[in-house]
Amino acid sequence: MRNKPYYSARIGKNPQSERLDFDALKYLFKSLFVYFEDEGFFQEALGYDCVDAGFVPGSLGHDLEGALLLEIRKRGLTPIRNKIDAYTEDDLFDIIEFLYENCSKPIDRIYHGWGDCGWHCKTFDREPGRQEFRAKVNKVLALYGPGYELSVDGEILTLADNGLDALFEAPIPNVDPNNISARVEAARNKFRRFRSSVDERRDAVRDLADVLEFLRPQVKKVIASKDEADLFNLANNFGIRHHNEEQKTQYNKPIWLSWMFYYYLATIHAVVRLIEQKHSGPHKK
């Protein structure tokens with residue numbers, strides 16, 4: 001597959017060479033939806049229409065509009081291929097998450113040729129279907145606005161800032177899954193969640209500071225005492241972990257919360273590896 005831009009993008013004359021606008025995003029996602037629907041990826045849950053049998057329901061039942069109202073708390077989003085052009089950004093992202101939750105790859109299917117009815121699917125495999133859907137959707141989401149992705153857990157998240165994606169993706173050493181790895185993962189998702197508020201981002205920074213607090217007794221053994229104190233001064237002095245009159249709160253929160261989040265995330269990676277190295281003993285050359 002070609003991995004370099006075409007002519008107009010190379011010379012800077014294509015306004016969408018870097019970012020897609022919302023209409024372009026809807027157009028591309030609609031094409032993806034039509035492909036997956038025609039191939040039968042949503043039949044197990046959403047059902048399908050047959051020229052002979054009429055509507056054949058899936059696991060969500062006969063009333064898809066009602067299922068969407070129950071799950072998304074919205075009306076008027078179906079039939080998707082007919083309504084998508086009128087979607088808001090929130091509508092589209094809701095539907096993407098909903099479809100990921102209800103996607104499965106057809107295994108056994110037959111083609112009903114009468115009236116060009118289409119594929120009728122009998123058995124399905126959920127995970128391969130979700131993986132294929134997510135992979136194709138993420139190629140489009142990455143080009144829209146600041147860049148988004150559909151996570152394995154089915155949430156639309158903002159992409160990490162340029163150059164910091166490796167930090168987001170790097171796994172934490174499995175030294176204490178419940179108190180470290182799981183909490184760091186939850187903080188990462190909270191920070192990157194679509195339209196996360198300043199309060200949610202502050203909470204994510206606080207969660208990482210709490211992980212460092214949990215590690216503090218071991219941190220004292222691997223770094224100097226002054227450096228150890230500085231790690232916690234950042235959160236304590238910027239209205240993150242405690243609340244008092246001496247804290248600094250009049251700062252550009254979106255910018256500084258991002259900086260603090262990446263700072264703490266990188267620090268946790270470094271500290272955990274230092275602790276792990278100490279426990280495993282000196283490396284032989």
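Which residues touch the most other members in the largest nonpolar core? In this predicted model, the answer is F29, F93, I96, L99 and F133, within a core of 35 residues.

**The chain as a whole**

The protein chain contains 285 residues, and 39% of them are buried. Its secondary structure consists of 12 helices and 6 strands. Among contacts between residues at least 6 apart in sequence, 61% join residues at least 24 apart. The accessible surface of the chain is about 16,600 Å², and carbon and sulfur atoms account for 52% of that surface.

**The nonpolar cores**

In soluble globular proteins, nonpolar side chains tend to be buried together. In the largest core of this chain, at least two residues come from each of the following elements: α2 (22–39), α3 (43–46), α4 (64–72), α6, α7 and β5 (148–150). A second core, separate from this one, has 24 residues, among them V184, L215, M260 and V272.

L99 offers a view of the surroundings of one core member. When its neighbours within four places in sequence are left aside, L99 is in contact with F29, F33, F42, L46, I80 and F133. Two of these partners, F29 and F133, are listed with L99 among the residues that touch the most other core members.

**The pairing of α6 and α7**

Helix α6 spans residues 89–101 and helix α7 spans residues 126–141. The two helices pack at an angle of about 155°, and their axes are 9 Å apart. Angles over 145 degrees count as roughly antiparallel, and α6 and α7 are therefore roughly antiparallel to each other. On the α6 side, the contact is made by F93, I96, L99, Y100 and E101. On the α7 side, R126, R130, F133, R134, V137 and L141 take part. Sorted by class, this contact has 7 nonpolar residues, 4 charged residues and no polar ones. F93, I96, L99 and F133 thus appear in the helix contact and also in the list of core residues that touch the most other members.

**E39 and its partners**

E39 is located in helix α2. Is E39 buried, partly exposed or exposed? With a relative accessible area of 23%, E39 is partly exposed, because the buried class requires a value under 20%. Not counting residues up to four places away in sequence, E39 touches P106, R109, W119 and C121. E39 and K105 are 66 residues apart along the chain, yet their C-alpha atoms are separated by 8.6 Å.

**Backbone features in the loops**

Most residues other than glycine have a negative phi, and most peptide bonds are trans. The model contains exceptions to both tendencies. A cis peptide bond joins T78 and P79, with omega at about -5°, and P79 is found in the loop between α4 and α5 (80–83). Two residues that are not glycine have a positive phi, as the table shows.

| Residue | Phi | Loop | Relative accessibility |
|---|---|---|---|
| R73 | about 65° | between α4 and α5 | 62%, exposed |
| D116 | about 55° | between β3 (105–112) and β4 (118–125) | 57%, exposed |

R73 lies in the loop between α4 and α5, and the cis-bonded P79 is found in that loop as well. D116 lies in the loop between β3 and β4. Why do R73 and D116 count as exposed? Exposed means over 50% relative accessible area, so R73 at 62% qualifies, and D116 at 57% does too.

Notes:
Residues are numbered from 1 along each chain as its sequence is written. This is a predicted model: local features need pLDDT of at least 70, side-chain atom pairs count only at pLDDT 80 or more; totals for chains, interfaces and linings use all residues. Side-chain values use heavy atoms; hydrogens and water are left out. Axes are lines fitted to C-alpha atoms, for helices over the stretch in contact, and angles run from 0 to 180 degrees between N-to-C directions. Helices (H or I, at least four residues) and strands (E, at least two) are DSSP runs, numbered from the N terminus. Angles under 35 degrees count as roughly parallel, over 145 as roughly antiparallel, 65 to 115 as roughly perpendicular and the rest as oblique. Contact means heavy atoms within 4.5 Å. Ala, Val, Leu, Ile, Met, Phe, Trp, Tyr, Cys and Pro count as nonpolar, Asp, Glu, Lys and Arg as charged, and the others, Gly among them, as polar. Buried means under 20% relative accessible area, exposed over 50%, partly exposed in between (1.4 Å probe, protein chains only). Accessible areas come from the Shrake-Rupley method with a 1.4 Å probe; for residues, only the protein chains shown count as cover. A nonpolar core is a set of buried Ala, Val, Leu, Ile, Met, Phe, Trp, Tyr and Cys residues joined through side-chain atoms within 4.5 Å.
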